[in-house]
Amino acid sequence: AKQLKDLFLLVDLNGDGFIEDHEMQHFLSDPSNASLVVKVCRAPVRDVYSTLHALRFEDGDVVSESLFVESMLEVSGPVSLKATLRLDANAKAAARRAESAVESIAEE
């Protein structure tokens, strides 16, 4: 987990404690950084990026350190029932938020 925390600090260019999409894109544009991500996360860059892209909606378009570390630990491991259930719960929560947003817009 320490290596993931260190990686997080490298990606968090502005030091605000969150990774924004543009920070990850900038970081991954350097091939040596992309290799580091593969080594530390033990997953292909596309999997890391797609996971972060999906997670950023949980914290308001950014990913916190704790969410990053926890998620990368899961991405690097085998798919488990717990991970599948968590993804399902996150998808349902996102659908409820989207439905609520649509209802608020419709009320205006």
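## Secondary structure

Six helices and two strands make up the element list of this protein, which is shown here as a predicted model. Reading from the N terminus, the order is α-β-α-α-α-β-α-α. One of the helices, H6, covers residues 81-107.

## Dimensions and packing

If you are setting up a box around the protein, here is its extent: the C-alpha trace spans about 50 × 35 × 20 Å along its principal axes. Of the 108 residues in the protein, 29% are buried.

How much of the contact set comes from residues 24 or more positions apart? Taking contacts with a separation of 6 or more, such pairs account for 51%.

## Surface and charge

The protein exposes about 6900 Å², and 59% of this area is supplied by carbon and sulfur atoms.

On the charge side, there are 19 negative and 11 positive side chains. The centres of these two sets lie 10 Å apart, a handy number to keep in mind when you look at the electrostatics.

## A negative patch

Which residues form a negative surface patch? They are Glu99, Glu103, Glu107 and Glu108.

Glu107 deserves a second look, so to speak, as a member of this patch. Its place is in helix H6, which runs over residues 81-107. Is Glu107 buried or exposed? Glu107 counts as exposed because its relative accessibility is 69%, and the cut-off for that class is over 50%.

Key
Residues are numbered from 1 along each chain as its sequence is written. This is a predicted model: local features need pLDDT of at least 70, side-chain atom pairs count only at pLDDT 80 or more; totals for chains, interfaces and linings use all residues. Side-chain values use heavy atoms; hydrogens and water are left out. Patches are made of residues with over 30% relative accessible area and no salt bridge: like charges are joined within 9 Å, nonpolar side chains (Val, Leu, Ile, Met, Phe, Trp, Tyr) within 5 Å. Accessible areas come from the Shrake-Rupley method with a 1.4 Å probe; for residues, only the protein chains shown count as cover. A salt bridge is a side-chain nitrogen of Lys or Arg within 4 Å of a carboxyl oxygen of Asp or Glu. Lys and Arg count as positive and Asp and Glu as negative; His and the chain ends are not counted. The place of a charge is taken as NZ of Lys, CZ of Arg, CG of Asp or CD of Glu. Helices (H or I, at least four residues) and strands (E, at least two) are DSSP runs, numbered from the N terminus. Buried means under 20% relative accessible area, exposed over 50%, partly exposed in between (1.4 Å probe, protein chains only). Contact means heavy atoms within 4.5 Å.
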